[in-house]
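User: Please take a close look at the internal cavities of this model. How many are there, how big are the leading ones, and what lines them?

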Amino acid sequence: MTGAQLLSGWGRTAPTRADVVRPGSVAEVVATMERERRVIARGLGRAYGDAAQNAGAAVLDMTWLRRLVALDLEHGVVTAEAGLDLDALIALILPHGWFVPVTPGTRHVTLGGALACDVHGKNHHVDGAFSRHVESFELVTPGGQVRELRPDDGDLFAATAGGMGLTGVITRVRLRLIPVSSAYVRVTTRRAANLAELMAAMRERDREFRYSVAWIDCLQRGAGLGRGIVLWGDHADAGELPAKLGRAPLGYAAAVRLGVPDVVPSGLLNPLAARAFNALWYAKAPASERVSHEGIAAYFHPLDAVAGWNRLYGRRGFVQYQAVVPDAAADAVRALLERVSGAGTSSFLAVLKRFGAGSGMLSFPMRGWTLALDVPAGARDLAAVLDELDALVVAAGGRVYLAKDARVRPERLEAMYPDLPRWRAVQRSVDPDAVMRSDLAVRLGLTA
Amino acid sequence: MRDAVGSVQSVLLLGGTSEIGLDIVRALVADRATTVVLAARDTARAEQHAAALRASATGTGRHATALAVEVVELDATRTDAHAAILQGIFARPDGIDLAVVAAGALGRAGDDQLLDAAALQLVNGAGAASLMAHTARAMRAQGRGTIALLSSVAADRPRATNFAYGASKAASDAFARGLQDALHGSGVDVMIVRPGFVRTRMTADRKPAPGAVDAEAVTRAVIAGLRARKAVVYVPGSLRWVMLVLRLLPRAVFRRLPL
């Protein structure tokens, strides 16, 4: 089944039209690769920019390839087709006492997308990125070969993890799960009045917790710059839950509470709204440290409760800027926040996390601090402001996240990703006829 | 590829010696465009502009090797050749992100405009419409792109002093408005730019109207329009409201205005 469709990323900027093909089997993936000259796979379209767009060419909608192949509840290993999403997977495994080893801020991502972007979660400082937990995956190479790859298979594994789908089409993933005894997270909440306090708290105590994330009010300037809330978490033991929750410790309900219609005008999320929201968010947090129990969905995927929240930014959409800087250049976090809070662009909550060691050749995470912020698209000076942020990031030895990117200058890429030449060599050897192509790849000259 | 903030990597200037058009191209190259195609009738002059563009890019260091500028011969009035020429231009592997339709003529002032009526229609009307049509076809096939038409406030309501020009601009302006809707959902955007009086070589012998702007002001408005994915851009922006009023004025009043 095929059809021409206008596609955009989650940020809804720069939509382009592609022929969408929906393979129902690996054989159909192979057939499409042989038939089409330019192809990219797409999952649930949660990459913010143009990673899963392919103007004037073919896009493989992988969400029809979502069968569960094997589930080993004894050892906690799942094998599934690449179009299966974490939402369905969590609902399936959590009642049996298993959880996914890494989840991004949304559970509406496919296994294939998670591997191609080598996504990270709030536990990267402890557990690393998604690909670290992949035992093996199946890749349909651009030449139409079906290959099974394991981490010790070397270059093609490392080039595919974080390779943005440009080494072929991932059709199956075998993933190690983690055991949990409840569907709840023991959350330690702490408010910090400024960036120094926030970063010190994270630096000192992150190792005590499996999960760690901070929300920053990025409209504060001066003494209050970087004020925010740290949320540490660990999977709660069934025995420690309050009686009300303890009756069904693995009971999991991930409700969608609200939906956003597609009629919101651009400009609703203006600086005024951002200021009010940030002030409320900060005031809502307890002044002194507090421990509570929260459901897995509420802790890991708070925004999933609002279906289509990206529409709040209206027709023009928004850009999510996410960068990482090494530990040694932690001052760059302050510089980034100062630049953003000094600009007229309004950013809602910014998210700060710590990363452990990196993984794939084009994987985003590297040991250090990662900052993510959402800004509405369309502002006259946005391009220049974000270019300045890039300059700060490059000077600090950091990089931006390709799964979020929608606008970085191509000439900055090699400084950000030192393994890019190596990745290109692997990519070219597996795809000599340049079958794999996405708008992102063209825009950044990735496969050039 | 056009990105999330409206920056483009390749630009085609239809009317490759247009002063406003070249100013827009220079700004786009300073931003991040690395491919420029100047399509012009006077290829010798276009080559000079191409050389200047290459030289200016070398100075910045950034595009020393990356900037590619090409000149293609194109006459806006020879509409039967447009299909083949545009097909050739769009044949490059990464296509074209932005086409600026800047080919145009002003004609003579006063009563002499009556003698230019057909010539202006051929360039500003049929010529521009044909260029947009063939560009739209190529962009629809590539699933993306932006067409920016340099129209004029004269297209909003013809007035006695330059209605031959205004009528010809109104033809392509109306065509672009229809094209905007026809291309909805195709990944191709059309942006109509309606400047007031712009001080350029073309208008050097005319008395500037109130609120006259320079080519640089048009460029700034075009860039801002691309960033915000605007459908219609007035330069200066306040003319949007002025023209709204002027369009609604009774004819007897409009006729007496010193425009």
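Analyst: The cavities are described below in order of size.

This is a predicted model, in which local features need pLDDT of at least 70 and side-chain atom pairs count only at pLDDT 80 or more, while totals for chains, interfaces and linings use all residues. Residues are numbered from 1 along each chain as written, chains are lettered from A and ligands numbered from 1 in written order, and side-chain values use heavy atoms, without hydrogens and water.

Searching the whole structure gives 4 cavities of 30 Å³ or more (sets of 1 Å grid points, over the protein atoms alone, where a 1.4 Å probe fits but cannot get out).

The volume of the largest is about 50 Å³ (the space filled by probe spheres set on the points, which are joined across faces, edges and corners). Both chains contribute to the lining (atom within 4 Å of a point): A:Arg316, A:Ala377 and A:Gly378 from one, and B:Arg2, B:Asp3, B:Ala4, B:Val5, B:Gly6, B:Leu226, B:Arg227, B:Ala228 and B:Arg229 from the other. By class, this lining holds 5 nonpolar, 2 polar and 5 charged residues (Ala, Val, Leu, Ile, Met, Phe, Trp, Tyr, Cys and Pro are nonpolar, Asp, Glu, Lys and Arg charged, the others polar).

The second largest cavity has a volume of about 40 Å³. Around this second cavity lie A:Val319, A:Gln320, A:Tyr321, A:Gln322, A:Val400, A:Tyr401, A:Lys404, A:Asp405 and A:Arg407. Strand E18 of chain A (residues 318–326) supplies the largest share of that lining, 4 residues (strands are DSSP E runs of at least two residues, numbered from the N terminus). The lining of the second largest cavity splits into 4 nonpolar, 2 polar and 3 charged residues.

Key
On a 1 Å grid over the protein atoms alone, a cavity is a set of points where a 1.4 Å probe fits but cannot get out, and a pocket is an open set with protein on both sides within 12 Å along at least five of seven lines; lining residues have an atom within 4 Å of a point.
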